[in-house]
Amino acid sequence: MTMQQALAENNFTPFPGISAQVYSRKDFEAVRDIVYDIAGIVLPPGKATLVYSRLAPLVRESGQQTFARYIDMIRKDDGERRKTINALTTNHTFFYRESHHFEHLANVTRPMLMAKAKAGKPVRIWSAGCSTGEELYSLAMTLLGPDKREARAFLDKDVMILATDLADHAVAGAKAARYPYEALKDVPPDLVRTWVKKVDDEAHIAPELCGMIRVKRLNLLGPWPMQRGFDVIFCRNVMIYFDQPTKDRLVARFADQLLPGGHLYIGHSERVGGDAQNIMSLVGSTIYRKGKA
Ligand SMILES: C[S@@+](CC[C@H](N)C(=O)[O-])C[C@H]1O[C@@H](n2cnc3c(N)ncnc32)[C@H](O)[C@@H]1O
């Protein structure tokens, strides 16, 4: 049996021009296991090409000749392992994605949060798996609304939006709060007028709004250092990369972090399963409220 046949038989398609000595099925599986153990991200065999193309530049940069050597290196070197994980996250996102969530936030959740803020109670929101911040700023603009004077009800009070992601480049992008102006095309124009400054072809998010935001690196699978008591959690299009036990554990932890009556917004293909089903009620399309209906 040729090497090519052996690889094909193992459901692993070798890449034209790439020797199995450089990148083999065993290498793919080793990377798959490392990424799963650290980040919970599932890489099925069909992602072998993606793993190659995302990691080949890192392998080259590291000076290693083969993936096997590079894998030995990432087992020992925390910094290099972190680069590998960064490279294998998928950070696709855009402003006002799944707009019905922002409509619900504006019409249902926001009035409750405004009453809370006006009463001097803390308001806490979390964008978990925020990627480069498009979700975060869509959320923040929606919360503040188009009227700057009305927004003082939040800005002058104890209101904080936490945004977290595992990938360093995503966290850096979210902190920078600058986007191509064109990227805001789906955001309601009155929100853009109030909270965004156009500088050449760039959108700069207003510093006032950024003042209520904290962006941090956080692995959702690890410990969560923040206190419980969130009013709203957005975790959208993150759990699609996880297997069912990881999803169920994560949703149960989100439910635990929410205040009674708090809202959880998840991605269009996701759902609340496991134990959390007993304490979360579906109140809209992929929108859950803590408490039984
Ligand atoms: C496809 S993006 C979703 C962004 C945004 N929530 C949205 O819906 O547009 C998924 C994000 O989840 C992050 N992610 C994946 N695994 C993670 C983990 N274990 N902990 C924290 N973030 C993770 C990735 O880095 C990526 O930025």
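**Exercise 1. Find how much area is buried between domain 1 and domain 2, and which residues make the contact.**

Step 1. Start with the area: about 860 Å² is buried between domain 1 and domain 2, and carbon and sulfur atoms give 47% of that. Buried area here is the accessible area (1.4 Å probe) that two parts lose on being put together, summed over both.

A word on the model before going on: it is predicted, so local features need pLDDT of at least 70 and side-chain atom pairs count only at pLDDT 80 or more, while totals for chains, interfaces and linings use all residues. Residues are numbered from 1 along each chain as its sequence is written, and side-chain values use heavy atoms, with hydrogens and water left out.

Step 2. Place the domains: the assignment gives domain 1 as 3-87 and domain 2 as 99-290, with bounds from an automatic or database domain assignment. Their C-alpha centres lie 34 Å apart.

Step 3. Split the contact by side: nine residues come from domain 1 and 11 residues from domain 2, where contact means heavy atoms within 4.5 Å.

**Exercise 2. Identify the salt bridge between domain 1 and domain 2.**

Step 1. Apply the rule: a side-chain nitrogen of Lys or Arg within 4 Å of a carboxyl oxygen of Asp or Glu. The count between the two domains is one.

Step 2. Name the partners: the side chains of Arg-82 and Asp-168 meet at 2.7 Å, N to O.

**Exercise 3. Work out how Lys-83 and Glu-80 are placed for their salt bridge.**

Step 1. Take the distance: their side chains meet at 3.5 Å, N to O.

Step 2. Look at the spacing: Lys-83 and Glu-80 are three residues apart in helix H5, so about one helical turn separates them. Helices are DSSP runs (H or I, at least four residues), numbered from the N terminus.

Step 3. Recall the general idea: side chains of opposite charge can pair when their charged atoms come close.

**Exercise 4. List the residues that come nearest to the ligand.**

Step 1. Of the 22 residues around the ligand (a heavy atom within 4 Å), Thr-93, Arg-97, Asp-165, Arg-236 and Asn-237 come nearest.

Step 2. Check the atoms: a ligand oxygen is 2.6 Å from an N or O atom in the side chain of Asp-165, and a ligand nitrogen is 2.9 Å from a polar backbone atom of Leu-220.

Methods. A polar contact is a pair of N or O atoms within 3.5 Å; within protein, one must be able to donate a hydrogen and the other to accept it, and residues adjacent in sequence count only if both atoms are side-chain atoms. Helices (H or I, at least four residues) and strands (E, at least two) are DSSP runs, numbered from the N terminus.
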